[in-house]
Amino acid sequence: MGAVGGRISLKGQSKDGYRAMAALARAGHPDHVLSEIVKLRASRLNNCRYCIDMHTAAAQKAGVGDDRIAATADWADSPLFDERERTALALTDLLTV
């Protein structure tokens, strides 16, 4: 139950950590657009097609344009994200990879 596809399974390694992350996700985020961009980026890093599709749809619903959705694949080279979003995406990369 440790690694899933080469990644650590939080649910398998830390049930308390998993519960905390699940509670955070349920609580929502005051900046829904930023939250969806971060979830989409993490899904891309995890190469989870189901999650990419789910978070793409959620990002579109939150008002994120198709150009920014596509740019989450290579955000560091994109001028489409502001400094706050770039910081969140960089943190996502550090914590996900």
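**Exercise 1. Find which residues of α3 and α4 meet, then describe how the two helices pack.**

Solution. Start with the contact itself: on the α3 side, Glu36, Lys39, Leu40, Ser43 and Arg44 touch Cys51, Ile52, His55, Thr56, Ala58 and Ala59 of α4. Sorted by class, this contact holds five nonpolar, three polar and three charged residues. Keep in mind that you are working with a predicted model.

Next comes the geometry. Two packed helices are described by the angle between their axes and the distance between the axes. Here, α3 spans residues 32-46 and α4 spans residues 49-61; their axes come within 9 Å and cross at roughly 160°. Angles over 145 degrees count as roughly antiparallel, and α3 and α4 are therefore roughly antiparallel to each other. To finish, add the handedness: α3 passes α4 in a left-handed crossing.

**Exercise 2. Work out how Glu36 and Lys39 are linked within α3.**

Solution. First look at the spacing: Glu36 and Lys39 are three residues apart in helix α3, so about one helical turn separates them. Now check the side chains, which form a salt bridge with an N to O distance of 3.7 Å. That fits the cut-off of 4 Å. In total, the model has four salt bridges.

**Exercise 3. Place Asp93 and trace its contacts beyond its sequence neighbours.**

Solution. Begin with the location: Asp93 belongs to helix α6, residues 83-96. Setting aside neighbours within four places in sequence, Asp93 contacts Arg41, Leu45 and Trp75. Then take Arg41, which is 52 residues from Asp93 along the chain, with 7.9 Å between their C-alpha atoms. Finally, compare the side chains: those of Asp93 and Arg41 are joined by a polar contact of 2.8 Å.

Key. Residues are numbered from 1 along each chain as its sequence is written. This is a predicted model: local features need pLDDT of at least 70, side-chain atom pairs count only at pLDDT 80 or more; totals for chains, interfaces and linings use all residues. Side-chain values use heavy atoms; hydrogens and water are left out. Axes are lines fitted to C-alpha atoms, for helices over the stretch in contact, and angles run from 0 to 180 degrees between N-to-C directions. Helices (H or I, at least four residues) and strands (E, at least two) are DSSP runs, numbered from the N terminus. Angles under 35 degrees count as roughly parallel, over 145 as roughly antiparallel, 65 to 115 as roughly perpendicular and the rest as oblique. A crossing is left-handed if the near helix is turned anticlockwise from the far one by less than a right angle, and right-handed if clockwise. Contact means heavy atoms within 4.5 Å. Ala, Val, Leu, Ile, Met, Phe, Trp, Tyr, Cys and Pro count as nonpolar, Asp, Glu, Lys and Arg as charged, and the others, Gly among them, as polar. A polar contact is a pair of N or O atoms within 3.5 Å; within protein, one must be able to donate a hydrogen and the other to accept it, and residues adjacent in sequence count only if both atoms are side-chain atoms.
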